[in-house]
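Please find below a short note on this structure, prepared for a reader who is new to such models. It is best read with the sequence and the three-dimensional view side by side.

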Amino acid sequence: MVKNLFIAFEGIDGCGKSTQVKLLVEKLRQSGHRVYVTCEPTGGPIGSIIRDIFNHRTEADHRTIAGLFVADRLDHLLNKKDGMLKMMEEGYTVITDRYYFSSYAYHGAHMPMDWVIESNSMSAGILRPDLNIYIDISPEVSMQRLHAGRSSMELYETMENLTRVRSKYFEAIEKLKLQEKIFITEGDRSPENIAAEIWAEVSRIESTASIKD
Ligand code: ADP
Ligand code: TYD
């Protein structure tokens with residue numbers, strides 16, 4: 001029996017999270033994991049309010065958005081239908097495309113990061129990732145990829161903002177390095193190279209988790 005894991009993917013927009021999630025899922029399934037893939041903002045009621053704001057259908061202050069993510073995350077963890085806690089209890093390895101480090105970086109760019117960390121402390125107390133995978137790309141590469149892929153930009157997808165968000169990611173990683181397991185990988189390489197590095201790290205975490213049990 002393999003030990004189920006909780007893994008969060010992080011990075012600025014277009015860093016390659018979705019691509020790497022898919023590649024990691026294949027590897028995990030081959031090695032015997034039942035895998036549940038999810039993301040934030042969620043597809044739930046609070047997530048849909050957030051998406052309306054990002055797509056400019058409705059407006060909200062940055063502090064309101066930060067608060068909505070706190071609620072969306074708790075729902076993501078606790079909802080009885082397909083909440084991450086329930087999936088973990090059922091033995092799934094859960095992979096989420098974004099978790100609380102996204103809040104630290106994206107909202108820390110607009111308000112004190114300590115407030116953001118504190119307001120997410122309940123989620124961190126409920127479920128802390130066995131591994132946070134941060135895929136690093138420059139804001140220039142991010143903007144190139146985003147412009148190549150679509151015609152309209154979401155709220156936080158500007159060069160200036162992504163530059164701030166990237167530096168806030170590094171600030172949060174440094175601040176929390178003792179509490180959190182964080183793996184940083186360079187995202188401006190071939191998807192296969194990145195996937196191989198991620199798989200090596202996940203395999204290492206998996207073997208440590210099995211020894212602990
Ligand atoms: P995210 O989920 O972080 O937004 P995606 O995986 O959707 O990122 O990738 C964003 C865009 O960049 C897509 O068009 C994807 O094909 C491309 N892409 C992903 N990984 C790489 C990579 N390592 N090198 C070049 N392009 C990539
Ligand atoms: P996402 O759909 O993952 O976008 P992408 O695939 O382009 O990375 O995330 C949507 C946006 O939500 C993204 O700009 C980051 C933002 N976000 C926050 O601002 N705070 C958060 O807590 C989370 C989880 C995401």
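The numbered points that follow deal with the surroundings of the two ligands.

1. The model is predicted, and every value in this note should be read with that in mind.

2. Ligand 2 is a convenient place to begin. This ligand sits in the largest pocket. Its shell holds 15 residues, and the closest of these are Asp13, Arg73, Arg98, Ser103 and His107.

3. Which helices contribute to the shell around ligand 2? Both α3, spanning residues 62-78, and α5, spanning residues 100-108, supply at least two residues each. The largest share, four residues, is that of α5.

4. By class, the shell around ligand 2 comprises seven charged, five nonpolar and three polar residues. Side chains that approach oxygen atoms of this ligand include that of Arg98, with an N or O atom at 2.8 Å, and that of Arg73, with an N or O atom at 2.9 Å. For Lys17, a polar side-chain atom is found 3.0 Å from an oxygen atom of ligand 2. The protein buries 89% of the 550 Å² that ligand 2 exposes when taken alone.

5. Attention now turns to ligand 1. The residues around this ligand are Gly14, Cys15, Gly16, Lys17, Ser18, Thr19, Arg145, Gly187, Arg189, Pro191 and Ile194. Two helices, α1 (17-30) and α10 (191-212), each provide at least two residues of the shell. The largest share, three residues, belongs to α1.

6. How do the residues around ligand 1 divide by class? Five are polar, three are nonpolar and three are charged.

7. Several contacts with ligand 1 involve backbone atoms. A polar backbone atom of Gly16 is 3.0 Å from an oxygen atom of the ligand, and a backbone N or O atom of Lys17 is 2.9 Å from an oxygen atom of ligand 1. In the case of Arg189, a backbone N or O atom lies 2.7 Å from a nitrogen atom of ligand 1. Of the 560 Å² exposed by ligand 1 taken alone, the protein buries 64%.

8. Lys17 merits a separate remark. The backbone of Lys17 offers an N or O atom 2.9 Å from an oxygen atom of ligand 1, while its side chain places a polar atom 3.0 Å from an oxygen atom of ligand 2. A student may find Lys17 a useful residue to locate when viewing the surroundings of ligand 1 and ligand 2.

How values were computed
Residues numbered from 1 in each chain as written. Chains lettered and ligands numbered in written order. Predicted model: local features only at pLDDT ≥ 70, side-chain atom pairs only at ≥ 80, totals over all residues. Heavy atoms only, no water. Near = heavy atom within 4 Å. Polar contact = N/O pair within 3.5 Å; in protein donor to acceptor, adjacent residues only side chain to side chain. Areas by Shrake-Rupley, 256 points an atom, 1.4 Å probe, with all protein chains shown as cover. 1 Å grid on protein atoms, 1.4 Å probe; cavity = no way out; pocket = protein on both sides within 12 Å on 5 of 7 lines; lining within 4 Å. Sits in = over half its atoms within 2 Å of the grid points. Nonpolar A, V, L, I, M, F, W, Y, C, P; charged D, E, K, R; others polar.
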